[in-house]
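Q: Please take a close look at the nonpolar interior of this protein, and then at what surrounds it. A connected account is preferred to a list.

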Amino acid sequence: MASHRQRNDRKSTARNSHASPAKSQAVQRPAAGAAAAAKPPSRPRPPARGHDEADWIWGVHPVFAALENPARTQIRRVVATPDRARTLAERFSALKTLEVADTQAIARLLPQGAAHQGLALRAEPPEPRSIEDLGTPAQGFLLMLDQVTDPQNVGAIFRSAAAFGARGVIVQDRHAPALAGALAKAAAGAVDKIPHARAVNLSRALEQLEEMGWRAVGLAGEAEDDLETVLDGRPTVIVMGSEGEGLRRLVREHCDALARIPMPGGFESLNVSAAAAVALYAAARATRRG
């Protein structure tokens, strides 16, 4: 009987063993689903697009300069904290677009991290001048930016141009940031204090300026002559290239001279906004001597 039970046990085991693949398949089906669920998730959605800086400026100096600029004909909104609103009402009695809000409400109107100092303004940017208007008469010095695109750098350059008495700033039409947002904040009001022109073709703009009596000096680290020796007091366009690429070939070829900023300390280069400040200072000195 023991032998009979053993045979029955072997048959039962065989039946169970034969049935195990079906059981295994039944287990694997949910496992396959779990594996699918465990696949790397699809790429997360990008965060919601931030507030557009194209027509907002913020901070005390940029907003005050914009309100004082008669060329700013389309002021859409002025938003201020109660303290700032009182100051604005005293200084600009005819202001009709003023809204009073708390600090957090103003911050929600602006890109994250904007240091608004309790004051923000939404308006059309200052109208650019034509090359002919900006360059007439031919005297003093102008600054041209060849594809300098970083808003912080361009804002700092506008500030230096205004500080050292440049006649204006020329930027490329399609490769220059809007004169608003972080750029306007870095400029500390200079975008409303110094005129600018936009040119589709900078080489052609240099040709126009040459016909009007201007001389172009391009900054290039590999130039043989120092900037101070090249500047001679004549009406001059200082041409700055982008920090990564420098002056483009055609723009370089339209310069009357190339010059470098001497660096006896041995450092290879300066940030473009720092280099522009040095060049503008040197141009202002040459203009006074001339």
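**The nonpolar core and its surroundings**

A: In this predicted model, the largest nonpolar core has 52 residues, and the members that touch the most other members are Leu145, Phe158, Leu227 and Met240. Helix α11, residues 272-289, supplies the largest share of this core, with 9 residues. A second core, separate from this one, is made up of 18 residues, including Leu134, Leu142, Ile170 and Ala216. In soluble globular proteins, nonpolar side chains tend to be buried together.

Leu227 can serve as a point of entry to the largest core. Leaving aside residues up to four places away in sequence, Leu227 touches Val217, Leu219, Ala259, Arg260, Ile261, Ala279 and Ala282. Two of these contacts, Ala279 and Ala282, fall within the range of α11, residues 272-289.

For the setting as a whole, the protein has 11 helices and 10 strands. Of its 290 residues, 40% count as buried. Among contacts between residues at least 6 apart in sequence, 77% join residues at least 24 apart.

Next come the open spaces. The volume of the largest pocket is about 490 Å³. Its lining consists of 23 residues, and those closest to the pocket centre are Leu219, Ala220, Gly221, Ser269 and Leu270. Leu219 is also among the residues that Leu227 touches. Two elements, β9 (236-241) and α11, give two or more residues each to this lining. Sorted by class, the lining of the largest pocket comprises 11 nonpolar, 6 polar and 6 charged residues.

The second largest pocket holds about 150 Å³ of space. Around it stand Asn69, Ala71, Pro126, Glu127, Pro128, Arg129, Val191, Asp192, Lys193, Ile194, Pro195 and His196. The classes in this lining are 6 nonpolar, 2 polar and 4 charged residues.

There is also enclosed space. The structure holds 1 cavity of 30 Å³ or more, and the largest cavity has a volume of about 30 Å³. Its walls are formed by Gly140, Phe141, Leu231, Gly233, Arg234, Thr236, Ala283, Ala286 and Thr287. Helix α11 gives the most to this lining, with 3 residues. By class, the cavity lining has 4 nonpolar, 4 polar and 1 charged residues. Helix α11 thus recurs: it gives the largest share of the largest core, it gives two or more residues to the lining of the largest pocket, and it gives the most to the lining of the largest cavity.

The aromatic pairs are the next topic. A pair of aromatic rings is described by the distance of the centres and the angle of the planes. The structure holds 2 such pairs. In one of them, the ring centres of Phe64 and Phe92 are 5.9 Å apart and the planes stand at 85°, so the pair is edge-to-face. Because Phe64 is in helix α2 (residues 60-68) and Phe92 in the loop between α3 (82-91) and β3 (98-100), this pair ties together parts that are 28 residues apart in sequence. Phe64 and Phe92 are both buried.

Phe164 and Tyr281 also form an edge-to-face pair, with 5.9 Å from centre to centre and 65° between the planes. Phe164 lies in the loop between α6 (151-163) and β6 (169-172) and Tyr281 in helix α11, so that distant parts of the chain, 117 residues apart, are linked. With a relative accessibility of 29%, Phe164 counts as partly exposed. Tyr281 also counts as partly exposed, at 41%.

Two loop positions complete the account. Thr81 is placed in the loop between β2 (75-80) and α3. Its relative accessible area is 12%, so Thr81 is buried, the limit for buried being under 20%. Beyond residues up to four places away in sequence, Thr81 touches Val100, Ala101, Asp102, Thr103, Ile106 and Gly118.

Glu245, in the loop between β9 and α10 (249-253), has a relative accessibility of 69% and therefore counts as exposed. Between Glu245 and Gln147 the C-alpha to C-alpha distance is 9.1 Å, while the two are 98 residues apart in sequence.

Terms used. Residues numbered from 1 in each chain as written. Predicted model: local features only at pLDDT ≥ 70, side-chain atom pairs only at ≥ 80, totals over all residues. Heavy atoms only, no water. Core = buried A, V, L, I, M, F, W, Y, C linked by side-chain atoms within 4.5 Å. Buried < 20%, exposed > 50% of the residue type's maximum accessible area, 1.4 Å probe, protein only. Helix = DSSP H or I, 4+ residues; strand = E, 2+ residues; numbered from the N terminus. Contact = heavy atoms within 4.5 Å. 1 Å grid on protein atoms, 1.4 Å probe; cavity = no way out; pocket = protein on both sides within 12 Å on 5 of 7 lines; lining within 4 Å. Points joined across faces, edges and corners; volume = space filled by probe spheres on them. Nonpolar A, V, L, I, M, F, W, Y, C, P; charged D, E, K, R; others polar. Phe/Tyr/Trp six-rings, centres within 6.5 Å; stacked < 30°, edge-to-face > 60°.
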